[in-house]
Structures are given as C-alpha cells and as structure tokens.
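Biologist: Hi! Could you walk me through this one with me looking over your shoulder?

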Amino acid sequence: MSAAMFETLFITRWPWWAGGIGIGLLVPLLYLFLNTALGVSTGYGNIVRLLFPRSRLKWLNSPTFAEPFGWRLWFMAGIVLGAFVASRLGAQSLLTAEMGILTASGVSSGASALLLFSGGLLLGLGARLAGGCTSGHSIHGIANLHMSSIIATIAFLLSGWLAFWLIRTLLFGGGVS
Amino acid sequence: MARVLADTHLTLRRWCFVKNLPFLVFGALFGFFLSRVGASDYNLIYRMFELTDLTLAWVILTAIVTAALGMRLLLGARTHTFSGTRISVKQKPLVWLNAAGGVVFGVGWAMSGACPGTVLAQLGEGKLLAVATVLGLVTGTYIYAVLVEKWPSLGKS
C-alpha cells in the first residue's frame, strides 16, 4: 500500500459520504449474511443480564436474553474492536482522559463523568422505551420506511436539539465553544 | 490432553464462538466506520446540535439512503440468506412510546454527546470518560427493566 493510500484510509478523517455509505451498506449485508437487523441498544440488556444473572425481573428473563453471550454482545465487542483498530492505525494515543470540547472547556473530570453518566442513563432508558436507538431506528428503521422509526428519530433530533441549548444555557452559561 | 480438548470445545460451544464470529466482524466494520468518519467525536455531535457543523447529519442521511437502496436491491434479488434462512424484515410497533422514549433519548444524546453505538467506539479509541456513559447506559437499561415490571404497558415498543 502506498503511503498516500494509507494516509487517506487510516489517518485523514473520512468524508461524510464515505462513512455514510460504509455504515449504510452494513444494513443490507447484515440481512444477506445473517438475517439480522442492525441495532445496538438492546445489547445493553445482555450486559444487565450478565451483571444480575439471578434477577427475577421478567424483562431480563425474556427469550431475547436467554443467551446473554449471544450475537448482540459479540456485535458490541466488535464495535469496540473496530474503533480500537482504527485508532491504533491512526496512531492516536492509547488512552486519553479528554472528551473534546467538554474537557477542553475546563469542566472537571468529575463533573464531566457525572454529565456523561446521566446522559448515558437517559440514552439507555430512552432507547428501551422508544424501541431502538440511532442505529436501529434512525438508520435501519427509516431505511425500511418504518413509521415508528421515523417518529422516534424526529423525537431524538428535536429533543436533543432543545436539550443541547438548555444544557448550554443552564450549565455553561451560554457556551462551551 | 483429550480432556483439555473436550473442555475447550465445550467452552467454545458455550460462548458460541463460531456462530457469533460473523457478528464480531460486522461489529468491527461498524466500529471502524464510526471511528473513521468521526461519529465518536464528541465535538462533531456538539457542533451538530449547535448547527455549526452538520457533518454527522450528512453521515446519518447518507447511511439511510444507502441502506434504503441496498435493501431494495437485496429484496429484489434474493429471498434467502447465503445460508438459506428466509430474510424477514420485522417492523417495530408504532406506539406513543416511540415519541416519549425518543424525547428521553434525545436529552441523553445531547448530554453525553454519544449514542449507544458510538460510545462503544469511544471505548475502543481509549476515551476513559466513555466508561461513565456506558455505566449510565447499563443503569438506564436496568431502570427500564424495573419500570416495565411495574408498568407492563411500557414494554410495547
């Protein structure tokens, strides 16, 4: 591989269309090879199941989580692995305490962690209530013209946009940029 | 020796290695793409909501269009997977929870600058703070399990 090609593939950030096409192609390919709908968020139920193997909660004992080490967990592990490979090939730092604008703006690690934990909690709860996340609803669902996914995605975007401005105004007094 | 082999075989079967390896490969491609295009970059999500850099919105839109065209081609050409399973695209039910849960999700999206998939890519990139987001996701999912136990109507989506 030439140095220029390596640079384009692994160092320089991909243009939006290249990433979009790559991600989009995974939807039909997942059906073609594995008859599986693209989706991540349900897999967090596998992790909860593994953390509480004796839980009597009905949802955790549903057939979806009968095999907690099933494909969803493997798919999730794959995402970590793929991003790890991308970051190694791009020679980025192995571990970093930074999180872009958030930590660069002087917000302490503790406050950042609290904000991200709370955000993650709402992501987990919201995705389960809505029946999917950005991949399952917004990409897989809309591509298949599912009305529930179109509604969910409109809610994701509107609510996210509103919450963003509220957080910026209330927490950071108007801006972190 | 035979015993060790038998044990290893059993462990492998239990972890369904062979059956699940393709999912690891697909996940790795997904994670690689997410990382290379910058979907796991906190700043890009921040700028998208700020409406100052819509790169990620274009990524999502391109992905939707590509996936839609790909599904058309696929379903026009084949009815079964390579291994002979009938391809079935299941539609998620349309309920008010799609919007209500979506609102909760949106707030989480803005607060964490990530979604359930991209946060895993952040982990792979070695971003330590992503651990907090993942812990939040696991907690939120557990809270859902508790809520749906009490109010089964929340489980319709």
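Modeller: Happy to. One term before we start: helices here are DSSP runs of H or I at least four residues long, numbered from the N terminus. Keep in mind too that this is a predicted model.

Biologist: Fine. Which residue follows α7(A), and what is its phi?

Modeller: That is Leu145(A), and its phi is positive, near 55 degrees.

Biologist: And α7(A) itself, how many of its residues are buried?

Modeller: Helix α7 of chain A runs over residues 134-143, and 10 of its 10 residues are buried. Among them are Gly136(A), Ile139(A), His140(A) and Ala143(A).

Biologist: What covers the buried residues of α7(A)?

Modeller: From chain A, the cover includes α2 (16-34), α6 (109-130) and α8 (147-172). Chain B takes part too, through its α4 (55-77).

Biologist: Let's stay with α8(A). At what angle do α7(A) and α8(A) pack?

Modeller: The angle is about 130 degrees, and the two axes are 8 Å apart. An angle over 115 but not over 145 counts as oblique, so α7(A) is oblique to α8(A). As for handedness, the crossing of α7(A) past α8(A) is left-handed.

Biologist: Which residues make the contact?

Modeller: On the α7(A) side you have Thr134(A), His137(A), Ser138(A), Gly141(A) and Ile142(A). They meet Ser148(A), Ser149(A), Ile150(A), Ala152(A), Thr153(A) and Phe156(A) of α8(A).

Biologist: How do the residues of that contact divide?

Modeller: Seven are polar and four nonpolar, with no charged residues in the contact of α7(A) with α8(A).

Biologist: Nice. Switching to chain B: how many helices and strands does the secondary structure have?

Modeller: Chain B has seven helices and zero strands, which reads along the sequence as α-α-α-α-α-α-α.

Biologist: What is the radius of gyration of chain B, set against a compact globule?

Modeller: Chain B comes out at 20 Å, where a compact globule of 157 residues would be near 15 Å. Its C-alpha trace spans about 60 × 40 × 40 Å along the principal axes. Of the 157 residues of chain B, 49% are buried. Looking at contacts within chain B between residues at least 6 apart in sequence, 47% join residues at least 24 apart.

Biologist: And how many residues of chain B are in contact with chain A?

Modeller: 104 residues of chain B, and they touch 106 residues of chain A. On the chain B side, α2 (17-37), α3 (42-50), α4, α5 (96-112), α6 (118-124) and α7 (130-150) each supply at least two residues. The residues on that side divide into 63 nonpolar, 32 polar and nine charged.

Biologist: Back to backbone angles. Where does Leu51(B) lie?

Modeller: Leu51(B) is in the loop between α3 and α4 of chain B. Its phi is near 65 degrees, a positive value in a residue other than glycine.

Biologist: Is Leu51(B) buried or exposed?

Modeller: Exposed, because 10 other C-beta atoms lie within 10 Å of Leu51(B) and the cut-off for exposed is 12 or fewer.

Biologist: What about Asn35(A), what is its phi?

Modeller: Near 50 degrees, again a positive value in a residue other than glycine. Asn35(A) lies in the loop between α2 and α3 (43-51) of chain A. It has 17 other C-beta atoms within 10 Å, so Asn35(A) is partly exposed.

Technical notes: Residues numbered from 1 in each chain as written. Chains lettered and ligands numbered in written order. Predicted model: local features only at pLDDT ≥ 70, side-chain atom pairs only at ≥ 80, totals over all residues. Buried ≥ 20, exposed ≤ 12 C-beta atoms within 10 Å, placed from the backbone. Contact = placed C-beta atoms within 7 Å. Rg over C-alpha atoms; globule rule 2.2 N^0.38 Å. Nonpolar A, V, L, I, M, F, W, Y, C, P; charged D, E, K, R; others polar. Axes fitted to C-alpha atoms, helices over the stretch in contact; angles between N-to-C directions. Parallel < 35°, antiparallel > 145°, perpendicular 65-115°, else oblique. Left-handed = near helix turned anticlockwise from the far one by under 90°.
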